[in-house]
Amino acid sequence: MSWYNEAIFYHIYPLGLCGAPKQNEYTTPVHRLNTLLPWINHIKEIGCTALYIGPLFESVGHGYETTDYKKLDSRLGTNEDLTAFVKACHEKGIKVIFDGVFNHTGRDFFAFKDIQKNREHSQYLNWYCNVNFWGNNEYNDGFSYDNWGGYNLLVKLNQRNPEVQNYICDVIRYWVSEFDVDGIRLDAADVLDFDFMRALRRTAEEVKPDFWLMGEVIHGDYSRWVNGETLHSVTNYALHKALYSGHNDHNYFEIAHTVKYLQNMGNLDLYNFVDNHDVERIYTKLSNKAHFNPVHVLLYTLPGVPSIYYGSEFGIEGRKERSSDDSLRPALVLADYADAKETNPCTALVAALGKIRQNTPALSYGSYAELQLTNRQFAFARDLDGVRVVVTVNNDDNDAWMNLPAGNASEYVGTLTGQKVSVEGERINVCVHANSGEIWVPAGDMPEYTPVKVEVKEKSVKESVKEETPAAEETAVAEETTVAEKTSATKTEEKETASESTDVNTISTATKETAATEEKVTEASEKSTAKEPVKVDPNKAPEDMTVEELQAAILAKMASNGPVTDQMKKTVDDNIWHDSLVNWLKSFR
């Protein structure tokens with residue numbers, strides 16, 4: 001097994017955390033990255049073993065319009081600063097992966113600048129997709145080109161061009177030799193060319209043992225990307241959606257169904273998260289803030305690799321405001337949270353879960369078995385080498401008792417509370433406190449843990465986030481960049497992946513609440529849509545379809561697999577990106 005199979009990630013958006021200016025003036029480097037050095041100890045103290053940090057390299061604004069892949073963004077410092085930072089992480093036993101923005105570049109990238117200068121005679125003409133000198137754009141370039149997401153700020157690379165493939169593979173080799181990076185998170189992997197990803201995988205196997213490739217993928221069958229030829233992992237947006245809505249709706253069936261849905265794709269080690277730089281903070285999303293506890297217990301115990309987004313371990317808020325992601329990417333001062341592990345129950349919980357996961361191999365490698373399921377209580381086991389770990393969660397405002405099949409042990413201990421229960425008739429009878437979760441391990445067979453108080457109360461969490469970023473007058477250019485941000489609100493809505501609807505009729509133990517849930521789903525699915533039906537030619541290649549045709553074809557595929565809810569329809573309607581829809585349609589088998 002590899003380091004990433006048992007990793008616990010911490011995710012940093014450095015331009016935000018460091019309080020960098022929104023626009024890059026390409027001036028003398030400012031060594032802001034060095035202000036993150038104290039965070040390395042914090043990352044380790046809360047039990048994380050790996051860091052995903054990015055974007056890092058020279059760019060125009062938010063970081064995803066790359067200007068130079070081989071130079072640290074001057075707003076963050078110099079290449080020497082980045083080399084020293086990764087080395088400091090490694091000295092603490094923390095692996096590091098960078099953001100790889102290889103689907104597109106910014107307009108200041110050398111190849112694009114050459115096309116602007118030399119036009120039809122540029123040697124880089126075929127580095128980009130569909131450069132057309134009969135067209136034009138809002139920048140008055142006198143030509144048009146393919147972009148990402150409708151934003152001409154993000155120029156789409158021609159990943160089938162061998163010169164582009166070789167260049168990007170050389171970038172990866174450079175990142176390893178210069179910075180000793182351990183892996184890459186591939187931005188917009190759901191629209192990357194598959195042959196291009198195969199080339200990246202071959203390079204990954206060449207540069208470093210266990211070099212990890214994780215891709216940003218929203219919809220579809222994740223096994224198309226996660227396999228022996230392309231990527232090791234992808235972002236688990238399906239579980240992300242289920243984790244918060246399953247608690248807000250008091251519907252653990254959604255979470256359990258999502259886990260089964262993902263398992264049907266194969267034994268994939270997906271990258272699990274409850275928030276990131278593109279979506280609202282989990283503490284903001286939760287209707288009942290006390291659900292922070294069971295949500296994170298599930299994050300750390302369900303199959304996959306857990307990740308914590310910087311600041312969320314403190315329970316900070318982060319909401320989309322006027323189509324801006326700024327509040328999701330705040331500047332924080334670590335000193336403001338110096339005693340958080342002792343005084344902030346959110347931090348105490350995350351730190352405890354990190355320690356538990358590190359010392360419980362079954363949570364990384366064990367098989368998964370559902371033990372008990374109602375709308376408000378959920379239990380499952382992770383089994384490894386004869387050791388059974390039992391996980392229980394409760395989203396109700398009252399305590400709940402659960403009688404569950406246990407392993408070959410005489411006694412179990414709750415790792416978060418220290419509560420001990422005897423095994424009787426190969427079962428344990430446990431009390432799961434209101435709005436909480438517990439991880440039960442065989443007493444004596446597993447490391448002893450110091451119980452921590454993890455009760456989450458809304459008043460105990462800091463109500464505001466200290467912003468270090470200087471207030472700057474927004475120019476027209478800055479506004480344009482905000483609108484064109486890759487991580488815009490539109491894309492965030494695209495990322496709110498709809499989980500498959502729960503077939504409550506198949507559950508013999510369904511409660512009245514379950515029946516009510518089924519009724520709501522049925523009513524929603526029967527609502528008529530205002531859209532005129534789109535006819536799809538079955539002989540037409542997905543690449544040749546319009547966005548509307550692709551959406552209709554995807555809904556038809558969904559309908560052949562089961563009921564299609566309004567939420568599922570909305571998710572399809574919200575996805576207006578042609579390449580993403582093509583890949584989504586192809587993911588159906």
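## Strands, a helix and Leu37

In strand E21, Pro442 is the bridge partner of Tyr412. This is a predicted model, and that pairing is a good place to start looking around.

Strand E18 (residues 411–414) has two antiparallel partners. With strand E21 (residues 436–442), E18 is joined by three bridges. With strand E19 (residues 420–422), E18 also pairs over three bridges; here Glu411 is matched with Ser422 of E19. E18 and E19 make up a hairpin with five residues between them, and in the turn Gly418 has a positive phi of about 80°.

Here are the two positive phi values side by side:

| Residue | Place | Phi |
|---|---|---|
| Gly418 | turn between E18 and E19 | about 80° |
| His250 | just after H7 | about 50° |

That brings us to helix H7 itself. Its 12 residues (237–248) should span 16 Å at 1.5 Å a residue, and the end C-alpha atoms lie 17 Å apart, which agrees. The helix is mostly covered, with 11 of its 12 residues buried. Among them are the aromatic-ringed Tyr237 and Tyr244, along with His240, Lys241 and His247.

Finally, have a look at Leu37, which belongs to helix H2 (residues 37–45). Is Leu37 buried or partly exposed? Its relative accessibility is 36%, so Leu37 counts as partly exposed. Setting aside neighbours within four places in sequence, Leu37 is in contact with Phe85 and Ala88. Cys89 is 52 residues away from Leu37 in sequence, yet their C-alpha atoms are 8.5 Å apart in space.

Definitions and conventions: Residues are numbered from 1 along each chain as its sequence is written. This is a predicted model: local features need pLDDT of at least 70, side-chain atom pairs count only at pLDDT 80 or more; totals for chains, interfaces and linings use all residues. Side-chain values use heavy atoms; hydrogens and water are left out. Helices (H or I, at least four residues) and strands (E, at least two) are DSSP runs, numbered from the N terminus. The expected span of a helix is 1.5 Å times one less than its number of residues. Buried means under 20% relative accessible area, exposed over 50%, partly exposed in between (1.4 Å probe, protein chains only). Two strands pair if DSSP finds at least two bridges between them. Contact means heavy atoms within 4.5 Å.
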